[in-house]
Amino acid sequence: MMLTAEEVRHFRHNGYLVVRHAVPDALLKQTRELVQEHWSPADELSEDGQVKLYRMYERDPGRMHALVAHRGIVEPLRDLLGPNIVYVLNRHNQATVNGPGESRPRLHRDVLQWSRGLVTVIVYLEDATVDNGCTRLVPGSQYLPFFGVPQPEGGGTWMDEHAELRDLADQAVPVPVPAGGILVFDSLVFHSVGLNRSTGTRMSVTAGYRSVDELDATPDATREILVTGELIYRGNDRG
């Protein structure tokens, strides 16, 4: 599952990468069942018209760990983030059900600025097509200016709230991904759900990952889970 040099370059330049066949069928089925156990059509819609189930890891640590630490996801991330990686519990950590005609696409970032590095991974439990609302993103938008005003109930930035960025909304491209595939992107890339014009759902899990913080002597186990490598500390106050 190692990435090629060109795949890494594509991620660095464009801010995203599709990895097909990352999650095997058995794990895909297990994760769909987990989401279905906690999802009801009566659940409240989020601002972008989706049903979002937060704190998925805490709902079932065993089944969620099997997903977020699976080698098909973690090994490509090692080529982007290095050998020591944590799964972040306090950003994303959610399942999403995008129903027919429900979405109100709105481009946004998942973090405010580059120094809080994060990689977003969407695991598609069902095929994501243009027809059923696959993710849309603006390639290269991780290099656009940073803004200090966060979106409500989140940590990122809404594109349409900044006049200097609004014209770029038309540059978003759809990124279809088959079930079992993942979309990996820099959390500063502007993106949104697409409009579901089909008669079915589009189900996915959204996860956040980052490199181990080498300057954090006391990692908070309630907010991050080590998925590969080790927790390291390299502060110059050691010893």
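# A tour from strand S3 outward

In this predicted model, begin by selecting Tyr87, which stands opposite Tyr209 in strand S10. Then widen the selection to strand S3, residues 85–88, where Ile85 and Tyr87 point one way while Val86 and Val88 point the other way, and where all four of these residues are buried.

Next, bring in the neighbouring strands. S3 pairs in the antiparallel sense with S10, which spans residues 202–211, over four bridges, and S3 also pairs in the antiparallel sense with S11, residues 224–228, over four bridges. In S11, the residue to select is Ile225, the bridge partner of Tyr87.

Now return to S10 and centre the view on Tyr209. Leaving out residues up to four places away in sequence, Tyr209 touches a list of residues that includes Ile73, Leu77 and Leu81, together with Ile85, Val86, Tyr87 and Val88, and also Val227. Tyr209 and Tyr87 belong to the largest nonpolar core, which has 40 residues, and they are among those that touch the most other members, along with Val35, Ile73, Leu77, Val121 and Val123. Helix H5 gives the most to this core, with five residues. Apart from this core lies another, of 11 residues, among them Tyr16, Ile122, Tyr124 and Val189. In soluble globular proteins, nonpolar side chains tend to be buried together.

Select helix H5 itself, residues 71–81, and colour its buried residues, which are Gly72, Ile73, Val74, Pro76, Leu77, Leu80 and Leu81. Just after H5 comes Gly82, whose phi is positive, near 95°.

From here, move to the loop between S3 and strand S4 (94–98), where His92 is found. Is His92 buried or exposed? His92 counts as buried because its relative accessibility is 11%, which is under the 20% limit. Its side chain makes a polar contact with the side chain of Asp110, at 3.2 Å. Beyond residues up to four places away in sequence, His92 touches Tyr54, Asp110, Leu118, Thr120, Thr206, Ala207 and Gly208, so showing these residues as sticks will display its surroundings.

The last stop is Ala172, in the loop between strand S6 (136–137) and strand S7 (173–174). Ala172 is buried, with a relative accessible area of 15%. Setting aside neighbours within four places in sequence, its contacts are Leu107, Arg136, Leu137 and Val138. To finish, draw a distance between the C-alpha atoms of Ala172 and Arg104, which are 68 residues apart along the chain and separated by 15 Å.

Definitions and conventions:
Residues are numbered from 1 along each chain as its sequence is written. This is a predicted model: local features need pLDDT of at least 70, side-chain atom pairs count only at pLDDT 80 or more; totals for chains, interfaces and linings use all residues. Side-chain values use heavy atoms; hydrogens and water are left out. Buried means under 20% relative accessible area, exposed over 50%, partly exposed in between (1.4 Å probe, protein chains only). Helices (H or I, at least four residues) and strands (E, at least two) are DSSP runs, numbered from the N terminus. Two strands pair if DSSP finds at least two bridges between them. A polar contact is a pair of N or O atoms within 3.5 Å; within protein, one must be able to donate a hydrogen and the other to accept it, and residues adjacent in sequence count only if both atoms are side-chain atoms. Contact means heavy atoms within 4.5 Å. A nonpolar core is a set of buried Ala, Val, Leu, Ile, Met, Phe, Trp, Tyr and Cys residues joined through side-chain atoms within 4.5 Å.
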